[in-house]
Amino acid sequence: MTRNLLRRDLAEEITARVLDGRIAADSRINEVHLARELGVSRTPLREALIGLADRGLLVSAPNRGFLVPPFDPDEARQLYPLVAELESLALRWSSPQDLAGLTGGLDRIAAEMTAELARQGDLSTLDDRWHALLVSRCTNPHLLRLLEQTKPLLKRYDARYFGGVERARESIEEHHRIAEAIRVSDLATAVELLVRNWVKTLAYLEDMG
(Lines give C-alpha, C1' and ligand atoms only; values in the text may rest on other atoms or scores of the structure.)
Protein backbone atom coordinates (compact mmCIF):
# COMPACT_ATOMS: atom_id res chain seq x y z
CA MET A 1 0.00 0.00 0.00
CA THR A 2 2.79 2.43 0.94
CA ARG A 3 4.56 1.75 -2.35
CA ASN A 4 1.34 2.31 -4.30
CA LEU A 5 0.74 5.60 -2.52
CA LEU A 6 4.31 6.71 -3.19
CA ARG A 7 3.96 5.88 -6.88
CA ARG A 8 0.68 7.81 -7.04
CA ASP A 9 2.15 10.83 -5.26
CA LEU A 10 5.14 10.82 -7.60
CA ALA A 11 2.88 10.57 -10.64
CA GLU A 12 0.85 13.55 -9.41
CA GLU A 13 3.99 15.61 -8.78
CA ILE A 14 5.48 14.82 -12.19
CA THR A 15 2.17 15.55 -13.87
CA ALA A 16 2.01 18.95 -12.14
CA ARG A 17 5.55 19.75 -13.29
CA VAL A 18 4.77 18.82 -16.88
CA LEU A 19 1.54 20.83 -16.94
CA ASP A 20 3.01 23.98 -15.41
CA GLY A 21 6.12 23.85 -17.58
CA ARG A 22 8.72 23.05 -14.94
CA ILE A 23 9.42 19.98 -17.06
CA ALA A 24 9.30 21.45 -20.54
CA ALA A 25 7.59 19.98 -23.58
CA ASP A 26 9.95 18.21 -25.99
CA SER A 27 12.49 17.48 -23.25
CA ARG A 28 13.97 14.33 -21.71
CA ILE A 29 13.41 13.56 -18.04
CA ASN A 30 16.65 13.15 -16.13
CA GLU A 31 15.70 10.31 -13.79
CA VAL A 32 18.80 10.56 -11.60
CA HIS A 33 18.37 14.30 -11.08
CA LEU A 34 14.60 14.04 -10.52
CA ALA A 35 14.93 11.14 -8.04
CA ARG A 36 17.49 13.13 -6.06
CA GLU A 37 15.34 16.26 -6.12
CA LEU A 38 12.25 14.38 -4.94
CA GLY A 39 14.17 12.36 -2.35
CA VAL A 40 13.17 8.94 -3.67
CA SER A 41 14.88 5.94 -5.20
CA ARG A 42 14.70 5.39 -8.93
CA THR A 43 12.51 2.29 -8.66
CA PRO A 44 9.25 4.00 -7.55
CA LEU A 45 10.09 6.95 -9.77
CA ARG A 46 10.45 4.70 -12.81
CA GLU A 47 7.17 2.95 -11.93
CA ALA A 48 5.46 6.35 -11.84
CA LEU A 49 7.02 7.33 -15.17
CA ILE A 50 5.88 4.09 -16.78
CA GLY A 51 2.35 4.76 -15.56
CA LEU A 52 2.41 8.27 -17.03
CA ALA A 53 3.70 6.90 -20.32
CA ASP A 54 0.80 4.43 -20.35
CA ARG A 55 -1.58 7.37 -19.90
CA GLY A 56 0.01 9.28 -22.78
CA LEU A 57 1.47 12.15 -20.76
CA LEU A 58 5.02 10.92 -21.44
CA VAL A 59 6.71 8.91 -24.16
CA SER A 60 9.09 6.04 -23.44
CA ALA A 61 11.89 6.09 -26.03
CA PRO A 62 14.46 3.26 -26.41
CA ASN A 63 17.89 4.32 -25.15
CA ARG A 64 16.58 7.79 -24.29
CA GLY A 65 14.33 7.15 -21.29
CA PHE A 66 11.17 9.17 -20.83
CA LEU A 67 10.35 12.24 -22.90
CA VAL A 68 7.74 14.96 -22.59
CA PRO A 69 6.26 15.02 -26.09
CA PRO A 70 6.01 18.33 -27.92
CA PHE A 71 2.65 19.96 -28.42
CA ASP A 72 1.13 18.35 -31.48
CA PRO A 73 -1.63 20.29 -33.30
CA ASP A 74 -2.57 17.22 -35.34
CA GLU A 75 -3.03 15.16 -32.18
CA ALA A 76 -5.20 17.89 -30.67
CA ARG A 77 -7.35 18.03 -33.83
CA GLN A 78 -7.97 14.30 -33.47
CA LEU A 79 -8.47 14.12 -29.70
CA TYR A 80 -10.75 17.06 -28.91
CA PRO A 81 -13.54 16.16 -31.39
CA LEU A 82 -13.25 12.54 -30.28
CA VAL A 83 -13.75 13.41 -26.62
CA ALA A 84 -16.63 15.72 -27.58
CA GLU A 85 -18.38 12.84 -29.35
CA LEU A 86 -17.70 10.36 -26.55
CA GLU A 87 -19.09 12.70 -23.88
CA SER A 88 -22.10 13.46 -26.07
CA LEU A 89 -22.77 9.75 -26.41
CA ALA A 90 -22.37 9.36 -22.66
CA LEU A 91 -25.14 11.93 -22.13
CA ARG A 92 -27.40 10.07 -24.54
CA TRP A 93 -26.72 6.84 -22.64
CA SER A 94 -27.94 8.50 -19.41
CA SER A 95 -31.56 8.77 -18.30
CA PRO A 96 -32.98 12.34 -18.15
CA GLN A 97 -34.03 11.78 -14.53
CA ASP A 98 -30.52 10.77 -13.49
CA LEU A 99 -28.99 13.70 -15.39
CA ALA A 100 -31.37 16.19 -13.76
CA GLY A 101 -30.06 15.15 -10.37
CA LEU A 102 -26.55 16.23 -11.36
CA THR A 103 -27.23 19.86 -12.18
CA GLY A 104 -26.71 21.22 -8.67
CA GLY A 105 -23.33 19.53 -8.44
CA LEU A 106 -22.34 20.72 -11.91
CA ASP A 107 -23.18 24.31 -11.01
CA ARG A 108 -21.28 24.07 -7.72
CA ILE A 109 -18.13 22.84 -9.42
CA ALA A 110 -18.42 25.57 -12.06
CA ALA A 111 -18.75 28.13 -9.24
CA GLU A 112 -15.61 26.68 -7.65
CA MET A 113 -13.87 27.16 -10.99
CA THR A 114 -14.86 30.84 -11.00
CA ALA A 115 -13.42 31.27 -7.50
CA GLU A 116 -10.24 29.42 -8.46
CA LEU A 117 -9.85 31.58 -11.55
CA ALA A 118 -10.03 34.69 -9.37
CA ARG A 119 -7.20 33.25 -7.27
CA GLN A 120 -5.26 32.44 -10.46
CA GLY A 121 -5.28 28.80 -9.36
CA ASP A 122 -5.33 25.51 -11.26
CA LEU A 123 -8.66 24.93 -13.02
CA SER A 124 -7.68 21.63 -14.58
CA THR A 125 -8.62 19.39 -11.65
CA LEU A 126 -11.98 21.12 -11.17
CA ASP A 127 -12.71 20.84 -14.88
CA ASP A 128 -11.91 17.12 -14.70
CA ARG A 129 -14.37 16.79 -11.79
CA TRP A 130 -17.08 18.64 -13.72
CA HIS A 131 -16.76 16.43 -16.80
CA ALA A 132 -16.51 13.26 -14.69
CA LEU A 133 -19.76 14.18 -12.94
CA LEU A 134 -21.43 15.03 -16.26
CA VAL A 135 -20.90 11.51 -17.64
CA SER A 136 -21.25 9.67 -14.33
CA ARG A 137 -24.79 8.44 -15.07
CA CYS A 138 -23.87 6.84 -18.38
CA THR A 139 -24.99 3.20 -18.40
CA ASN A 140 -22.52 2.04 -21.07
CA PRO A 141 -19.33 0.83 -19.31
CA HIS A 142 -17.48 0.35 -22.61
CA LEU A 143 -18.06 3.99 -23.53
CA LEU A 144 -16.86 5.13 -20.12
CA ARG A 145 -13.76 2.99 -20.52
CA LEU A 146 -12.98 4.68 -23.83
CA LEU A 147 -13.30 8.06 -22.14
CA GLU A 148 -11.00 7.00 -19.31
CA GLN A 149 -8.40 5.94 -21.84
CA THR A 150 -8.68 9.06 -24.00
CA LYS A 151 -9.11 11.97 -21.58
CA PRO A 152 -5.61 11.68 -20.02
CA LEU A 153 -4.11 12.35 -23.45
CA LEU A 154 -5.54 15.88 -23.23
CA LYS A 155 -3.86 16.69 -19.92
CA ARG A 156 -0.73 18.21 -21.39
CA TYR A 157 -2.85 20.72 -23.32
CA ASP A 158 -4.78 21.87 -20.26
CA ALA A 159 -2.16 24.26 -18.92
CA ARG A 160 -2.03 26.11 -22.25
CA TYR A 161 -5.81 26.30 -22.41
CA PHE A 162 -6.54 27.39 -18.86
CA GLY A 163 -3.73 29.92 -19.03
CA GLY A 164 -6.11 32.17 -21.00
CA VAL A 165 -8.31 33.99 -18.48
CA GLU A 166 -10.97 35.22 -20.90
CA ARG A 167 -11.44 31.84 -22.56
CA ALA A 168 -11.47 30.13 -19.16
CA ARG A 169 -14.20 32.51 -17.97
CA GLU A 170 -16.20 31.89 -21.15
CA SER A 171 -15.81 28.12 -20.74
CA ILE A 172 -17.08 28.24 -17.15
CA GLU A 173 -20.19 30.11 -18.34
CA GLU A 174 -20.68 27.41 -20.97
CA HIS A 175 -20.53 24.81 -18.18
CA HIS A 176 -23.40 26.61 -16.42
CA ARG A 177 -25.44 26.73 -19.65
CA ILE A 178 -24.97 22.99 -20.20
CA ALA A 179 -26.20 22.34 -16.65
CA GLU A 180 -29.22 24.59 -17.23
CA ALA A 181 -30.12 22.76 -20.46
CA ILE A 182 -30.00 19.46 -18.56
CA ARG A 183 -32.09 20.96 -15.74
CA VAL A 184 -34.92 21.78 -18.18
CA SER A 185 -34.60 18.36 -19.89
CA ASP A 186 -33.28 19.84 -23.14
CA LEU A 187 -30.74 17.14 -23.90
CA ALA A 188 -30.27 18.21 -27.53
CA THR A 189 -29.19 21.70 -26.46
CA ALA A 190 -26.95 20.29 -23.73
CA VAL A 191 -25.18 18.08 -26.27
CA GLU A 192 -24.86 20.96 -28.75
CA LEU A 193 -23.35 23.22 -26.07
CA LEU A 194 -21.01 20.48 -24.91
CA VAL A 195 -19.65 19.84 -28.41
CA ARG A 196 -19.31 23.59 -28.98
CA ASN A 197 -17.31 23.90 -25.75
CA TRP A 198 -14.81 21.29 -26.90
CA VAL A 199 -14.60 22.76 -30.43
CA LYS A 200 -13.96 26.26 -29.08
CA THR A 201 -11.28 24.87 -26.80
CA LEU A 202 -9.53 23.33 -29.79
CA ALA A 203 -9.85 26.56 -31.77
CA TYR A 204 -8.32 28.50 -28.87
CA LEU A 205 -5.37 26.13 -28.71
CA GLU A 206 -4.84 26.38 -32.46
CA ASP A 207 -4.90 30.19 -32.26
CA MET A 208 -2.20 30.00 -29.58
CA GLY A 209 -0.01 28.07 -32.01
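How many salt bridges does the structure hold? There are 20 of them, and we'll stop at a few along the way. Keep in mind that this is a predicted model.

**Start with the whole chain**

Show the cartoon and zoom out. The protein chain has 11 helices and three strands. Walking along the sequence, you pass through them in the pattern α-β-α-α-β-β-α-α-α-α-α-α-α-α. Switch to the C-alpha trace and line up the principal axes: the span is about 55 × 40 × 30 Å. How does the radius of gyration sit with a compact globule? For 209 residues, such a globule would come out near 17 Å, and the protein chain has 18 Å, which agrees.

Now colour by relative accessibility. Of the 209 residues, 43% are buried. Turn on the surface and you get about 11,000 Å² exposed by the protein chain, with carbon and sulfur atoms supplying 53% of that. If you draw a contact map, look away from the diagonal: among contacts with a separation of 6 or more, 73% are between residues 24 or more positions apart.

**Select the sheet**

Pick residues 27–28, 59–61 and 65–68. These are β1 and β2, plus β3. Together the three strands form an open sheet in the order β1-β3-β2, with antiparallel pairing. The edge strands are β1 and β2, each pairing on one side only. Zoom in on β1 and β3: the two run antiparallel and are joined by two bridges. Click S27 and look across to β3, where V68 stands opposite.

**Select R7 and E47**

Show both side chains as sticks. R7 and E47 form a salt bridge, with the closest N and O atoms 3.1 Å apart. R7 lies in helix α1 (residues 2–19) and E47 in helix α3 (residues 42–55), so this pair ties together parts that are 40 residues apart in sequence. Is this pair buried or exposed? Neither, as it turns out: R7 is partly exposed at 27% relative accessibility, and E47 is partly exposed too, at 23%.

**Stay in helix α1: T15**

Next, select T15, also in helix α1. T15 counts as buried, because its relative accessibility is 10% and the cut-off is under 20%. Which residues does T15 touch, leaving out those up to four places away in sequence? You should find L52, R55 and L57. For a distance label, draw one from T15 to L49: the two are 34 residues apart in sequence, and their C-alpha atoms are 9.6 Å apart.

**Select E13 and R22**

Back to charges. R22 makes a salt bridge with E13, and here the closest N and O atoms are 3.7 Å apart. The two ends differ in cover: R22 is exposed at 52%, whereas E13 is partly exposed at 27%.

**Cross over to D107 and R183**

Select D107 and R183, whose side chains meet in a salt bridge at 2.5 Å, N to O. This is another link between distant parts of the chain: D107 sits in helix α6 (residues 103–118) and R183 in helix α10 (residues 165–183), 76 residues apart. R183 is partly exposed, with a relative accessible area of 35%. While salt bridges are on display, add E13, R17, R22 and E37 to the selection: they are joined into one network by salt bridges that share partners.

**Select A110**

A110 is another residue of helix α6. At 0% relative accessibility, A110 is buried. Expand the selection to its contacts beyond four places in sequence and you pick up W130, I172, H175 and H176. How far is A110 from V32, C-alpha to C-alpha? The label will read 40 Å, for residues 78 apart in sequence.

**Last stop: T150**

Finish in helix α8 (residues 141–150), where you'll find T150. T150 is buried, at 10% relative accessibility. Show the backbone here as well: the backbone oxygen of L146 lies 2.8 Å from a polar atom of the T150 side chain. Setting aside sequence neighbours within four places, T150 is in contact with L79, L82, V83 and L86.

Technical notes. Residues numbered from 1 in each chain as written. Predicted model: local features only at pLDDT ≥ 70, side-chain atom pairs only at ≥ 80, totals over all residues. Heavy atoms only, no water. Salt bridge = Lys/Arg side-chain N within 4 Å of Asp/Glu carboxyl O. Helix = DSSP H or I, 4+ residues; strand = E, 2+ residues; numbered from the N terminus. Buried < 20%, exposed > 50% of the residue type's maximum accessible area, 1.4 Å probe, protein only. Polar contact = N/O pair within 3.5 Å; in protein donor to acceptor, adjacent residues only side chain to side chain. Contact = heavy atoms within 4.5 Å. Rg over C-alpha atoms; globule rule 2.2 N^0.38 Å. Areas by Shrake-Rupley, 256 points an atom, 1.4 Å probe, with all protein chains shown as cover. Pairing = 2+ DSSP bridges.
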